[in-house]
Amino acid sequence: MEQKFKRGNKVMDGKKEAIIVGSYADKYGGSNRKDYTIMFCETGSTMSWMHESQLQFVEDGGEFLFEQVKVLREVDDTP
């Protein structure tokens, strides 16, 4: 079974944009490809395990999005 989302895809979890970090199967193996860890674009915090039915695809995105979130967090942390 193929995953609905891939690492780096941008999704919405209702109201907030997030990036797919990976599926349960990516992290632990096995066949669970319907639950995902996501990273919120605004805060950089992560949440596990969001079911694919709770997420809506926004765009393909890519690995560069993780770096963008990291830079945004550093700017927010600057006094």
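The mean pLDDT of this predicted model is 92, and 92% of the residues reach a value of 70 or more. Among the elements of the protein, the lowest mean pLDDT, 83, belongs to helix α2, which covers residues 64-76. The highest, 98, belongs to strand β5, at residues 56-59. Where pLDDT is low, the predicted coordinates should not be read in detail.

Two residues, Q3 and W49, are described below in terms of their setting.

Q3 lies in the segment that precedes strand β1 (10-12). The relative accessible area of Q3 is 14%, and because this value is under 20%, Q3 counts as buried. The side chain of Q3 takes part in the polar pairings listed here.

| Side chain | Partner | Distance |
|---|---|---|
| Q3 | backbone oxygen of F5 | 2.9 Å |
| Q3 | side chain of S23 | 2.6 Å |

When neighbours within four places in sequence are left aside, the residues in contact with Q3 are S23, D26, R33 and Y36. S23 therefore appears both in this set of contacts and as a polar partner of Q3, by way of its side chain.

W49 is part of strand β4, which spans residues 46-51. With a relative accessible area of 31%, W49 is partly exposed, since that value falls between the limits of 20% for buried and 50% for exposed residues. On the surface, W49 joins Y24 and Y28 in a nonpolar patch. Together, the three residues of this patch have about 310 Å² of accessible area.

Notes:
Residues are numbered from 1 along each chain as its sequence is written. This is a predicted model: local features need pLDDT of at least 70, side-chain atom pairs count only at pLDDT 80 or more; totals for chains, interfaces and linings use all residues. Side-chain values use heavy atoms; hydrogens and water are left out. Patches are made of residues with over 30% relative accessible area and no salt bridge: like charges are joined within 9 Å, nonpolar side chains (Val, Leu, Ile, Met, Phe, Trp, Tyr) within 5 Å. Accessible areas come from the Shrake-Rupley method with a 1.4 Å probe; for residues, only the protein chains shown count as cover. A salt bridge is a side-chain nitrogen of Lys or Arg within 4 Å of a carboxyl oxygen of Asp or Glu. Helices (H or I, at least four residues) and strands (E, at least two) are DSSP runs, numbered from the N terminus. Buried means under 20% relative accessible area, exposed over 50%, partly exposed in between (1.4 Å probe, protein chains only). pLDDT is the predictor's confidence in each residue, from 0 to 100. A polar contact is a pair of N or O atoms within 3.5 Å; within protein, one must be able to donate a hydrogen and the other to accept it, and residues adjacent in sequence count only if both atoms are side-chain atoms. Contact means heavy atoms within 4.5 Å.
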